[in-house]
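Q: Please take a close look at the second largest cavity. Which residues line it, and which helices and strands supply them?

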Amino acid sequence: MSGQSSAGGVFAAVDIGASSGRVMLGRVAGSPGGARAGIETAVSLEIVHRFPNGVVELDGGLHWDFDALFEEVLTGLAAAAETAAASGERIASIGIDTWAVDYGLVDAAGALGTQPFSYRDERGRTAVADVHKVLDPARLYATTGLQFLQFNTLYQLATERELRGVQALLIPDLIAFRLTGQRRTEATNASTTGLFDAVAGEWATEFFKALGLHKNLFPAIIQPGGTIGTLLPEVAARTGLGAETAVVAVGSHDTASAVAAVPAQQEDFAYISSGTWSLVGVELDTPVLDETSRLANFTNERGVDGTIRYLRNVGGLWLLSECQRTWAAEGHRQELAALLESAAALPAGGPQINADDPAFIAPDNMPERIRSAVRAGGAVLPDRPAAVVRCILDSLAAAYARTLARAEGLSGKQTSVVHIVGGGSQNRLLCQLTADATGKTVVAGPVEATALGNVLVQARAAGVVTGGLPELRALVRASVQLESYEPGLVLHSP
């Protein structure tokens, strides 16, 4: 198991998703300070601040309110400093992870222009054809290994009117810049832009030139574990943290941090990072860049320690949360536990949808869109919320099974167990349906995999723990409760 210093360590994790964010304190310490008594070393988390996140309509487009988001980060870091101080602890460093692809444009003085666009805006779709006239999709894939998605960063950049005199900072890098004044691009998130060489691990400068982008549009790349900088004086004063507090690059793409914390005991595992989106795949040493992989629309994204996250984006629990939002707006608030219980009671074999359909990306009346998709397929979905929920979960489980089977075939890596991490690991019906659909054991947990991966990369950078991903994953197994699901079992409660 990983080694540990006698002092242990306390770290702040800023973990922001597309619908909410948290600032958490992560403590890495020997027993009894760890998450579970009687073990040598463990990591535990304490949420000190939660806040909502979501797209806002601005000037006819869908944006992120970055200024409000950053204020929440500062509030959370102040709460973290206060909580740590009350226990006589000092926060050693801060790590930041968010969703991928989106960015803000800052000028030479560091001022942010417009609020960053959201990937849920349609602007990227309009630029796809123009980009592909300049860069053939096969050529793009052979270099970047990136799954085609209309909101990939390069398509968004192609819609910008003026990029002279500015730099693009991906969302976690923009937060780090506001904290430290230092501009870097963390590697796992860089790999989602469509401008990153999957083999060289650097910017694909030939694509910058072909698209008319200046070579310094993005800052230099930094690897997980590298120090971005220390806090600006005004940030230290606002948060109560010491000015010497480091901001450390972690797997800033939240899926990279989540996969780093998959509690696998052997290498033959698959993973599903289940949240707003589902990221479904396997971990490899080298990318798969052939034409078959491109046509299957699989992606090769960087993971912690130079690993390759070979995966596909699959629809996720956004479908369910949007249904709940619509029902609540109609005056019929639906509690999730009751919905899942009713859905579990319905028979198998009901109608399904294509959970990956771009028609489900933007916010709108999700129950009606799902029923419309079912009708288009020649079936009928009852209006009852339980039927809609069961359709969503059956569709996700089927998509997971198809995607994992394809990942195995394309990569040549066979798997015996599926790890579901993130919010979806709490959805017992989804976990059981996934076990049934894949025919594999499903291990659910941890829920907070992203924050755990974030904290453990910081702890390793600080020398509090040592070792590679197997050692970090052993710490996760020792620190959290996991639940297993076998194919064919019957759930009696959600």
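A: A cavity is a set of points on a 1 Å grid over the protein atoms alone where a 1.4 Å probe fits but cannot get out, and its lining residues have an atom within 4 Å of a point. This is a predicted model, in which local features need pLDDT of at least 70 and side-chain atom pairs count only at pLDDT 80 or more, while totals for chains, interfaces and linings use all residues. Residues are numbered from 1 along each chain as its sequence is written, and side-chain values use heavy atoms, with hydrogens and water left out.

Three cavities of 30 Å³ or more turn up in a search of the whole structure. The largest holds about 90 Å³, and the second largest has a volume of about 70 Å³ (the space filled by probe spheres set on the points, which are joined across faces, edges and corners).

The second largest cavity is lined by G95, I96, P172, D173, A176, E186, I228, V247, V248, A249, V250 and S252. Helix 5 (171–180) gives the largest share of this lining, three residues: P172, D173 and A176. At least two residues each come from strand 6 (91–97) and strand 14 (246–248) as well. G95 and I96 lie in strand 6, and V247 and V248 in strand 14. Helices (H or I, at least four residues) and strands (E, at least two) are DSSP runs, numbered from the N terminus.

By class, the lining has eight nonpolar, two polar and two charged residues. Ala, Val, Leu, Ile, Met, Phe, Trp, Tyr, Cys and Pro count as nonpolar, Asp, Glu, Lys and Arg as charged, and the others, Gly among them, as polar. The charged pair is D173 and E186, and the polar pair is G95 and S252. The lining of the largest cavity, by comparison, has six nonpolar, three polar and three charged residues.

How values were computed
On a 1 Å grid over the protein atoms alone, a cavity is a set of points where a 1.4 Å probe fits but cannot get out, and a pocket is an open set with protein on both sides within 12 Å along at least five of seven lines; lining residues have an atom within 4 Å of a point.
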